[in-house]
Structure formats: C-alpha cells, structure tokens
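Here is a briefing on how two chains meet and how their sheets are built. Keep the sequence and the 3D view open while reading.

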Amino acid sequence: MNIPYSRRFLDQLWVLVGGVNIRVKIIGIVLGLVILLGIAVTWQVRQLLSHTMYTQFFEQATALTRDLAARSTDPILINDLYELQRLLQDTQSNQPNIRYAFILDKEGYVLAHTFDGGFPEELISANGVTDSGYAYTTTLNTTEGQLWDTAVPIFEGRVGTARLGLSDVQVRQTIDMVTGQLLLTTVMVSVIGITAAVFLTWILTHPILELVDATQAVGRGDFSYRVTRWADDEIGKLTDAFNTMADDLAKAEADRAEREQLRAQYVHGVITAQEDERKRIARELHDSTSQSLTSMMLGLKALSDSCYIPELQKRAEELRRVAGQTLDDVHSLSLQLRPSVLDDLGLPEAIRRHVADCRKRNLLDIDLAVQGLEDKRLPSEIETALYRIIQEALTNVIRHSEAQTASIFIEKSKTQVLAVIEDDGKGFDQSAIDWHDGHLGLYGIRERAELLSGQLTLETGIDQGTSLYIEIPLTAEYEYSLE
Amino acid sequence: MRYSLYLLIALVVVGCSSYAPTSQGTVIDLASLQPLPVRYNEGVIPLRVSVAAVISPRGTAESYQLLLDYLSEVLDRPIELVQRRTYQETNDLIESGAVDIAFVCTSAYITGYDEFGMALLAAPQVNGESVYHSLLIVPTDSSVQTMQDLEDKVFAFTDPISYSGRVYPTYLVQKLGRVPDTFFARTFFTYSHDEAIYSVADGLANGAAVDSLVYDFALERDPTLADRVRVIHRSPPFGIPPVVVSPNMRPRQRVLLQEALLTMHETSTGVAALQALGLDRFTLLDDSAYNSAREIINEVELLP
C-alpha cells in the first residue's frame with residue numbers, strides 16, 4: 001500500500017512544516033533560496049571552470065609536448081644527446097607543472113629523460129602515439145597522484161616520440177580556491193540575507209502578529225483592542241476590517257450589556273416585587289387575617305360558652321373548629337409565603353422545616369444533606385433565591401415527577417454554593433423544554449440563579465429521573481465580609 | 001508526477017557531470033628508478049650513411065629518404081642515416097669507419113683526402129656537369145653590388161669548413177686585402193646552406209655565400225625566395241660535393257656501393273630518389289676535378 005503511506009507521510013510533513021511560525025517560514029524561504037542559489041551557482045561555476053581549465057590544460061600539455069618534439073628533432077638527427085638533455089631540462093625548469101619529460105627513439109628506447117638516477121620503466125609503455133598521430137594525452141595513476149602524459153611523434157614518428165608528464169595540481173588548486181571563494185561569498189551573502197530577511201520579516205509580520213493578538217483578545221471578550229495600520233496593502237485592509245469589526249462588536253457588546261442589565265433589573269424588579277408582595281401578604285395574613293381569625297375563634301368560644309342551646313353550641317364549636325383550621329392554613333400559607341425562619345434561623349433550618357412539611361403533606365421520601373453552612377450565613381439574596389429554587393423544584397417533583405424519593409444536597413465551598421435536587425421520577429425530554437412555560441417554573445429557577453451570576457444545569461431524560469444542579473458563586477467581598 | 005521528478009533529477013545530474021576524466025589502470029611508481037637497458041645490435045648490421053650538414057637535419061632526412069630506400073632495396077640491407085652538426089664530425093665518422101658512406105661537402109672531401117685519404121666513390125651530376133658554384137647573395141632591396149659593399153655589414157657563413165659557404169667568401173675578402181673578422185661588422189655560422197639563404201631573406205644577415213645547388217633547389221621549393229634574395233656574384237665552377245667512403249672499406253662492399261650509385265638513374269625508384277635531391281645521376285670523378293678548389297683552400301687562411 002504505497003500510495004496511502006506516502007500521502008500520510010506528506011500530510012505529517014505538512015503538519016510539521018506548516019506549524020512553524022510565519023517569521024521562521026519567511027526567513028527560512030529567503031535563507032533556503034540564497035543557499036540554494038549560492039550552491040547551484042558555485043556548483044555550476046565549478047563545473048564550468050573545471051571544464052575550461054582542463055581544456056586549457058590539455059591544450060597546454062599538447063602544445064608543450066609538440067614544441068618539445070619539434071625542438072628535439074635536429075638534436076636527435078645529429079645525435080647531439082647533450083643538447084637533447086639540456087632541452088629537456090630547460091623545458092622542465094620553465095614549466096613547473098612538468099613532472100617529467102623524456103624522448104624515445106623510433107625503437108622505443110629512452111634517449112634522454114629528466115629523472116634523477118634511473119628511469120621508471122613502466123612509464124615507457126604507459127602511453128604512446130597511434131601511427132603518426134597528432135598527439136595523445138592520457139591520465140596515469142602514479143604514486144604521486146594523477147598525472148597527464150602526452151605523447152607526440154617526432155618528425156612524423158620517423159625519429160622517435162616525445163613524452164611529457166604534467167601535474168594538474170595547480171589547476172585543481174585554482175578550482176578549489178575559486179569554489180572556496182564562491183562558497184564563502186554564499187555564506188556571507190546568506191548572513192546578509194538573513195539580516196535583511198529578519199528585518200523584512202519583522203516589517204511584514206508585525207501587523208499580522210498584532211492582528212493575531214487582537215483577534216485572540218476579541219475571543220476573550222476584550223473589544224478594546226485596536227490595531228495600528230502600517231501599510232496600504234492587503235494587511236492594511238485586514239487591519240481596517242478588524243478595527244471596524246472590533247468597533248461594531250464593542251458597540252454590540254455595550255448594547256447587549258445594557259439590555260442584559262435592563263433585563264436583570266427587570267427580573268430583579270419582578271422577583272423583588274414578588275418577594276415584597278409575598279412579604280406584604282404574609283404580614284397581612286399574620287397581622288390582620290390571623291388576628292381576625294383568632295378574634296373570631298375567641299368570640300365563637302365565648303359564644304359557645306355562653307350559649308346553653310346544645311344545637312347552637314355544637315354549631316359554634318363546629319365554626320370554631322373551621323376557624324381554627326383556617327387559622328392553621330393561613331398560618332401555613334403565611335409561612336410559605338415568607339418564612340421568617342429564613343431570616344431568623346438561616347437557610348438550613350428553613351429548608352429542613354419546609355422539607356418536613358412536604359414529607360408530611362405528601363407521601364414522598366425526601367433526603368436532605370447540608371454541608372458547610374454550620375457556622376456561616378449566606379448573603380440574604382442568595383438564601384432567598386436558594387430557598388425559592390428548592391421550593392419550586394420540590395413543587396415540580398411533587399406535582400409532575402411521580403417520584404418515590406427525592407434528595408436535596410446543599411454544599412457551600414469557598415467559591416460557591418452548590419444545590420442539587422434529584423428525583424427518581426419520570427423525567428422529561430430535555431430538548432422539548434419551553435423555558436418560558438410557567439408550568440415548570442424552570443425559567444424562574446434559572447433566572448434567580450443567573451441574577452446572582454450563577455447557573456442552572458439540568459440533567460434529565462424520559463424515565464431517567466431529573467437532576468437540577470444550581471451553582472451560585474460567592475464573591476471575595478462576601479468572604480471578606482464574614483471575617 | 002513522480003516520473004517528472006525523476007526526470008528533473010536526472011537532468012540535473014547530467015548537467016552537473018564532471019569534466020575531468022578519471023584515470024584507470026595500474027599505479028605507476030615514479031620512485032622505482034632502474035638503469036636504462038643497454039642496447040645490443042641484433043640481426044643484420046645496417047649500412048650506415050652520413051650526410052654532411054649542407055642543409056638542415058630535417059631537410060636532409062626528408063630529401064635523402066628515397067635515396068636511402070633505394071640503397072636499402074638494392075643492397076638488401078637496412079640503412080641507417082647518421083647526421084652530425086658539423087662537416088668535421090662527418091669527416092671523423094668516415095675516418096674512423098663509424099659510417100660506411102658519406103655525402104660530404106667539397107672542402108670536407110679535399111681536407112679528408114689530404115688528411116687520411118678519404119676515397120671518392122662517385123659524384124652527382126647536375127645539368128650534365130659535376131660542378132657547382134658559390135653564390136654571394138644579398139636581400140633584393142639591398143644596395144650591395146660587390147663584396148666590397150659588404151664592408152661593416154653582417155655576414156652569414158654556413159659550416160666552418162664549408163667550401164662554398166666559408167672558404168670562398170673568405171678568399172674574396174682576402175683578395176680585398178682584408179680579414180673577415182675585421183672586414184665585416186659581425187659574422188655568424190648557420191651550419192646549413194638553406195638556413196644561410198633564409199637568414200639573408202629574412203634580413204638577419206646582409207649577405208651570405210651559399211652552395212648553388214642548394215640555392216637552386218631552395219628556389220624550386222619556395223619561388224617567393226626570388227623576391228627576397230638576389231645573387232651578386234657567381235664563383236667559377238668547382239668540383240661538386242662528392243660521395244665518399246673510408247679508405248679502409250672492403251673492396252667488395254665498395255664496388256657494390258659504387259655500382260648501386262652509378263646505375264641509380266636506370267631504375268624508376270632511383271630516378272625518383274635523384275629527383276628528390278635535384279640530381280640527374282651519379283658518375284665517376286677523378287680527384288683532379290677538385291684541384292681548383294684545392295688551390296683556393298690552400299691560399300685561404302681560416303681563422304678558427
């Protein structure tokens with residue numbers, strides 16, 4: 001499975017390469033191009049130089065040897081071997097590249113040579129001329145490295161052969177030197193290139209990076225960031241668009257905050273009004289209605305005491321009993337409306353009493369657990385909200401869930417209060433909730449929580465029971481206020 | 001996609017291929033120096049022919065090649081051409097028997113005859129005669145008319161003992177009551193007649209004296225010479241440069257050689273060889289033909 005493998009490799013490579021930051025990318029490209037160009041040029045120049053110099057070298061070898069052959073013709077013909085030897089030595093001393101020179105007669109015997117002492121015999125047959133050819137150059141592997149041996153026939157080969165051995169050390173040194181210079185230049189230009197690239201990159205990417213920061217700030221909700229416009233190019237347009245967008249978002253956010261504030265005020269007002277109304281009604285019930293009923297009971301008792309007609313007595317007792325029942329109901333209603341116990345004894349106790357009341361009234365098993373509220377009181381609006389929430393939640397459980405058991409868990413930690421109300425009832429389809437349906441009062445619960453900067457989390461499903469999680473944060477001021 | 005990538009890589013590699021070829025074969029040790037082998041003569045002993053340095057060694061080798069081939073064919077022996085820089089050396093070779101037969105200059109023969117009995121084998125014939133002249137030449141644009149006009153000028157001699165190239169012009173100077181060393185501003189030896197001709201033609205020398213046969217032959221090969229040099233004096237005829245052998249040569253060999261030369265003009269290869277040298281044939285000649293030259297040689301004092 002070759003293709004997917006290579007595709008995968010390419011993908012991984014792209015992730016790696018693409019993930020490098022933009023400044024490194026630009027510098028990398030510049031550097032890469034400079035180095036590539038430098039190396040390519042160096043290579044090409046080296047090849048060209050090598051070709052040219054070796055061609056010249058060949059020509060020089062041929063020319064030198066042909067000259068030697070021409071000048072050695074007469075000395076050989078008149079057998080002036082001294083002159084021949086001098087000719088070879090002069091040739092060698094004039095041209096430092098020449099490693100050796102020697103003359104062969106037409107039978108292949110050495111007439112003169114430039115070696116000190118003896119002569120390396122293998123050299124004779126290492127090269128030669130074909131018929132009376134022009135010149136023949138070949139490379140020889142010697143113990144002193146590679147040498148270029150040229151053979152030229154003397155007097156059309158009738159008299160002998162001239163042989164010259166040249167070393168290409170100088171050529172190679174020149175080529176290496178030029179290559180070295182070019183590479184050095186490449187390095188220097190790379191350094192200059194990097195510097196220029198860094199500068200260029202900074203200029204190009206600074207606005208981009210600024211935009212990145214600005215966008216991230218917007219993502220965090222900070223709409224105050226504005227980016228300075230640097231140039232009149234695409235990035236400049238992007239900057240303008242961003243700034244406009246930030247302006248719009250800031251304005252929208254301001255509007256939203258304002259609306260939110262208004263809404264919160266409104267809801268707060270509604271809830272406060274509700275509480276005030278409840279308080280007023282509770283007081284009314286407690287003050288006037290209860291009193292009236294008590295008076296009525298007392299009057300009926302007096303009536304029953306002072307009346308000797310048994311029928312009338314029984315009726316009066318009956319009425320007194322009804323009044324007493326009514327008084328209880330009113331009392332209970334009053335408590336429900338505004339439990340003073342909440343103000344006096346605190347949330348845990350109020351909840352306990354409410355739970356006890358519910359247990360008694362309905363056949364529902366309710367567990368209650370409270371943690372962290374033994375010593376400290378919560379701020380009153382949180383206590384009120386929690387009380388109302390739990391009240392509403394329990395009402396839902398009783399009315400809608402057909403549950404057997406319910407549990408309430410309240411925990412105060414350093415940063416928040418958590419209230420969990422769970423039941424094992426029939427639950428409901430979460431996606432089908434109409435939050436504004438007064439039926440479940442979930443809207444009210446959520447609003448009360450959100451008014452206090454908290455949140456409601458709902459977990460439910462058909463036949464899966466229902467769990468309500470209410471978290472209300474505790475501010476630092478609150479903590480401080482309790483110390 | 002992949003194939004085009006491979007193609008690209010291949011092109012780059014080819015384009016970058018190095019120029020300098022790498023050497024193959026065994027490694028030669030330049031430090032292992034052995035003495036050169038001694039040469040032994042194997043097989044048939046060649047006939048050794050020497051030609052005096054009348055013209056340049058290369059010119060000699062070229063011109064005489066056909067003659068040597070002819071002799072080799074006729075005598076059924078390999079021929080070896082031996083050349084030396086000076087006439088004296090050639091004389092020495094003949095005297096010692098180091099060469100068997102030599103083509104020498106007139107004065108070299110006369111000296112050799114007088115000193116060790118150099119033997120005249122045959123003499124060339126040109127235009128029906130076995131004579132030649134010494135020609136005094138100057139550049140065409142020169143105003144020189146006679147030897148007298150060459151006073152305080154540069155003069156080119158050929159070989160120190162050349163008759164036409166040194167002896168005769170010295171004789172001319174002596175006849176003016178002078179000596180070449182003081183008469184001419186400067187003199188030098190070219191050691192060959194065609195080089196003397198070209199020295200004058202190229203303006204290196206204001207004048208020279210050369211072998212007339214060589215001069216005619218040079219004109220034939222290079223007609224433009226006529227525009228560059230002219231002859232101002234032609235000597236009386238003297239005996240032509242002969243073919244000589246050592247006096248100690250075995251008679252049988254001597255006869256064979258003589259016959260080969262004398263019958264040369266009767267064979268096609270021989271004729272071709274003669275033409276290459278600008279000669280008609282070889283004939284017998286008596287020593288007395290060289291007496292006129294001998295007289296002048298004896299009169300002339302050649303300073304070394």
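Two strands count as paired when DSSP finds at least two bridges between them. On that basis, five strands of chain B form an open sheet with mixed pairing. This is a predicted model. A second open sheet, of six strands, takes in strands from chain A and chain B.

**The sheet within chain B**

- The strand order is 9-8-10-7-11 in chain B.
- Strand 9 (186–189) and strand 11 (229–234) of chain B stand at the edges. Each has a single partner strand, so one side of each lacks a neighbour in the sheet.
- From one strand to the next, the twist averages 30 degrees.
- Strand 8 (residues 154–157) of chain B runs parallel to its partner, strand 9 of chain B, and four bridges join them.
- B:Phe157 has B:Phe189, in strand 9 of chain B, as its bridge partner.
- Helix 8 (residues 212–221) of chain B packs on this sheet. Helix 8 of chain B touches strand 7 (134–139), strand 10 (207–211) and strand 11 of chain B. The direction of helix 8 makes about 95 degrees with that of strand 10 of chain B.

**The sheet shared by both chains**

- The order here is 2(A)-1(A)-5(A)-4(A)-3(A)-1(B), again with mixed pairing.
- Strand 2 (110–113) of chain A and strand 1 of chain B are the edge strands, and each pairs on one side only.
- Strand 4 (residues 145–154) and strand 5 (residues 160–167) of chain A are antiparallel, with eight bridges.
- Within that pair, A:Thr150 stands opposite A:Leu164 of strand 5 of chain A.
- Helix 2 (residues 22–77) of chain A packs on the sheet. Helix 2 of chain A touches strand 1 (98–105), strand 2, strand 3, strand 4 and strand 5 of chain A. Its direction makes about 45 degrees with that of strand 4 of chain A.
- Helix 3 (residues 81–94) of chain A lies across strand 1 and strand 2 of chain A. Helix 3 of chain A runs at about 155 degrees to strand 1 of chain A.

**Where the chains join in the sheet**

- Strand 3 (residues 136–142) of chain A pairs with strand 1 of chain B in the parallel sense, over two bridges.
- A:Thr142 has B:Ile28, in strand 1 of chain B, as its bridge partner.

**The interface**

- In chain B, 30 residues are in contact with 42 residues of chain A.
- Interface size is often given as the accessible area lost when the parts come together. Chain B and chain A bury about 3,300 Å² between them. Carbon and sulfur atoms carry 57% of that area.
- Two salt bridges are found across the interface of chain B and chain A. A:Asp74 forms a salt bridge with B:Arg58, with the closest N and O atoms 3.8 Å apart.
- Eleven residue pairs are in polar contact across the interface of chain B and chain A, both residues at pLDDT 80 or more.
- On the side of chain B that touches chain A, strand 1 (27–28) and helix 2 (57–75) of chain B are the elements giving two or more residues. Helix 2 of chain B gives the largest share, five residues.
- By class, that side of chain B has 13 nonpolar, eleven polar and six charged residues.

Definitions and conventions:
Residues numbered from 1 in each chain as written. Chains lettered and ligands numbered in written order. Predicted model: local features only at pLDDT ≥ 70, side-chain atom pairs only at ≥ 80, totals over all residues. Heavy atoms only, no water. Axes fitted to C-alpha atoms, helices over the stretch in contact; angles between N-to-C directions. Contact = heavy atoms within 4.5 Å. Buried area = accessible area lost by both parts, 1.4 Å probe. Salt bridge = Lys/Arg side-chain N within 4 Å of Asp/Glu carboxyl O. Polar contact = N/O pair within 3.5 Å; in protein donor to acceptor, adjacent residues only side chain to side chain. Nonpolar A, V, L, I, M, F, W, Y, C, P; charged D, E, K, R; others polar.
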